[in-house]
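Student: I should like a close look at a single part of this protein, namely its sheet. Please explain how the strands are ordered and paired.

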Amino acid sequence: QEKVQTQSVLGHWELHNPCVEERLNGKPPRLVYKIKTDSGLFVLKGYPYETPEATIWSNVQAHLFLGNEKGLAPRIYPLKNGRLYLCDQGYWF
């Protein structure tokens with residue numbers, strides 16, 4: 001049973017009225033959520049904390065290049081504190 005409090009996690013981003021629209025089928029134990037906001041749809045991904053931070057950093061860098069710079073992958077949106085990911089409730093988001 002999943003015990004992640006997604007609203008708490010979503011509070012780390014500047015999103016207007018975020019709510020989980022649905023949980024998508026990600027490869028377990030990864031969490032993937034479709035998030036609806038006043039400004040559009042987003043995807044929130046969570047990887048178990050056991051995933052090395054170096055792997056998370058590498059994935060973020062790939063998305064920054066392919067998504068934010070080239071438009072070929074989903075964009076990464078920074079958190080309110082300017083960081084690009086966080087660890088909360090046992091998951092990297």
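Tutor: The following account goes through the sheet strand by strand and then turns to two residues.

The model is predicted, so local features need pLDDT of at least 70 and side-chain atom pairs count only at pLDDT 80 or more, while totals for chains, interfaces and linings use all residues. Residues are numbered from 1 along each chain as its sequence is written, and side-chain values use heavy atoms, with hydrogens and water left out.

Two terms come first. Helices (H or I, at least four residues) and strands (E, at least two) are DSSP runs, numbered from the N terminus. Two strands pair if DSSP finds at least two bridges between them. In general, strands of a sheet pair through backbone hydrogen bonds, either parallel or antiparallel.

The sheet is open and has 5 strands in the order 1-2-3-5-4, with antiparallel pairing. Its edges are strand 1 (19-24) and strand 4 (87-88), each of which pairs on one side only.

Starting from the edge at strand 1, 5 bridges pair this strand with strand 2 (residues 31-37) in the antiparallel sense. Within this pairing, E22 stands opposite K34 of strand 2. The two strands form a hairpin, and 6 residues lie between them.

Strand 2 is in turn joined to strand 3 by 7 bridges, and these two strands run antiparallel. One of the bridge partners is K45 in strand 3, which is matched with V32. Strand 2 and strand 3 also form a hairpin, here with 2 residues between them.

Strand 3 (residues 40-48) is linked to strand 5 (residues 91-92) by 2 bridges, again in an antiparallel arrangement. Here P48 faces Y91 of strand 5, and Y47 is opposite W92 of strand 5.

Strand 2 also holds Y33. Y33 counts as buried because its relative accessibility is 4%, where buried means under 20% relative accessible area, exposed over 50%, and partly exposed in between (1.4 Å probe, protein chains only).

By contrast, L72 is exposed, with a relative accessible area of 67%. L72 lies outside the strands, in the loop between helix 2 (53-69) and strand 4.

To summarise, the strand order is 1-2-3-5-4, and strand 2 takes part in a hairpin with strand 1 and in another with strand 3.
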